[in-house]
Amino acid sequence: GVAIITIAILASISLNAQYRLDRRAERENSRIEIARHLLAHDFSVVSSELRLTANLRLMQHYLDSGSAAQRDEMAQNFLVLARETGRYAQVRYLDATGQEIIRVNYNDAHPAIVPRGQLQDKSGRYFFRDTIKLKPGEIFVSPLDLNIEHDRLEIPYKPMIRFGMPLFDSSGRRKGILLFNYFGSELLQHFREAMSGGDP
């Protein structure tokens, strides 16, 4: 009799534990799905803004002419994008050699156009090499990594995801790349919030 009761109790405990595990797995899978949708949405927004900027008529005119006035006007557009979205640590145009031509830094919510004398050669960086060789309309997305300025790791650490597109003039000549440094901390925060789901 005692053996039967013991077996019944153990079976009940086992079923209860399995039920709790199944419920936890369901909750975790739901959170993963929510996090996946949030990250996909973030990536979609950045990709759309990248395409929109690349396809501005002013950008096309500048790529065709190389005009200093149009370059300065394009820099003002980059400045507005950085200020109004608050999503990008940097918005840049690099020429086909990897030299920064236009760069806007977010500067902790005080975006500014970087003076020409402070622009950097990024020809040796993987994100330039991987983006410049893409076909028209293709987008490069980097792994999450830390920002490097003047060959040194930037401190405090700033996790970044770089989104890039090759740029072509109206004759189809490869002119350079458009590059957005997206704040990885925002993406990580969205992921943390989705995965915690109110649980400590």
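User: What makes the largest nonpolar core here a core, and which residues have the most contacts inside it?

Analyst: A nonpolar core is a set of buried Ala, Val, Leu, Ile, Met, Phe, Trp, Tyr and Cys residues joined through side-chain atoms within 4.5 Å, where buried means under 20% relative accessible area (1.4 Å probe, protein chains only). In this predicted model, the largest such set has 27 residues, and Phe-78, Tyr-93, Leu-178 and Phe-180 have the most contacts inside it. H1 (2–54), H2 (57–65), H3 (68–85), S1 (88–95), S2 (100–105), S8 (159–168) and S9 (174–183) each give at least two residues to this core. H3 supplies the largest share, six residues. The helices (H or I, at least four residues) and strands (E, at least two) are DSSP runs, numbered from the N terminus.

User: Before going on, what are the ground rules for the model?

Analyst: It's a predicted model, so local features need pLDDT of at least 70 and side-chain atom pairs count only at pLDDT 80 or more, while totals for chains, interfaces and linings use all residues. Residues are numbered from 1 along each chain as its sequence is written, and side-chain values use heavy atoms, with hydrogens and water left out.

User: Why is Leu-188 called partly exposed?

Analyst: Its relative accessible area is 26%, and partly exposed covers what lies between buried and exposed, the latter being over 50%. So Leu-188 counts as partly exposed. Leu-188 sits in helix H5 (residues 184–196) and touches Leu-144 and Pro-159, leaving aside residues up to four places away in sequence; contact means heavy atoms within 4.5 Å. Leu-188 and Leu-39 are 149 residues apart in sequence and 9.0 Å apart in space, C-alpha to C-alpha.

User: And what about Ile-9, over in helix H1: why isn't Ile-9 called exposed?

Analyst: Ile-9 comes out at 46% relative accessibility, so the label is partly exposed.

User: How do you know that Tyr-126 and Phe-127 form an edge-to-face pair?

Analyst: Rings of Phe, Tyr and Trp (its six-membered ring) pair if their centres lie within 6.5 Å; planes under 30 degrees apart count as stacked, over 60 as edge-to-face and the rest as tilted. Tyr-126 and Phe-127 are 5.7 Å centre to centre with 75° between the planes, hence edge-to-face. Eight aromatic pairs are found in the structure. Ring pairs also link Phe-43, Tyr-88, Phe-163, Phe-180 and Tyr-182 into a cluster.

User: Why do the two partners get their burial labels?

Analyst: Phe-127 has a relative accessible area of 1%, so Phe-127 is buried. Tyr-126 has 23%, so Tyr-126 is partly exposed.
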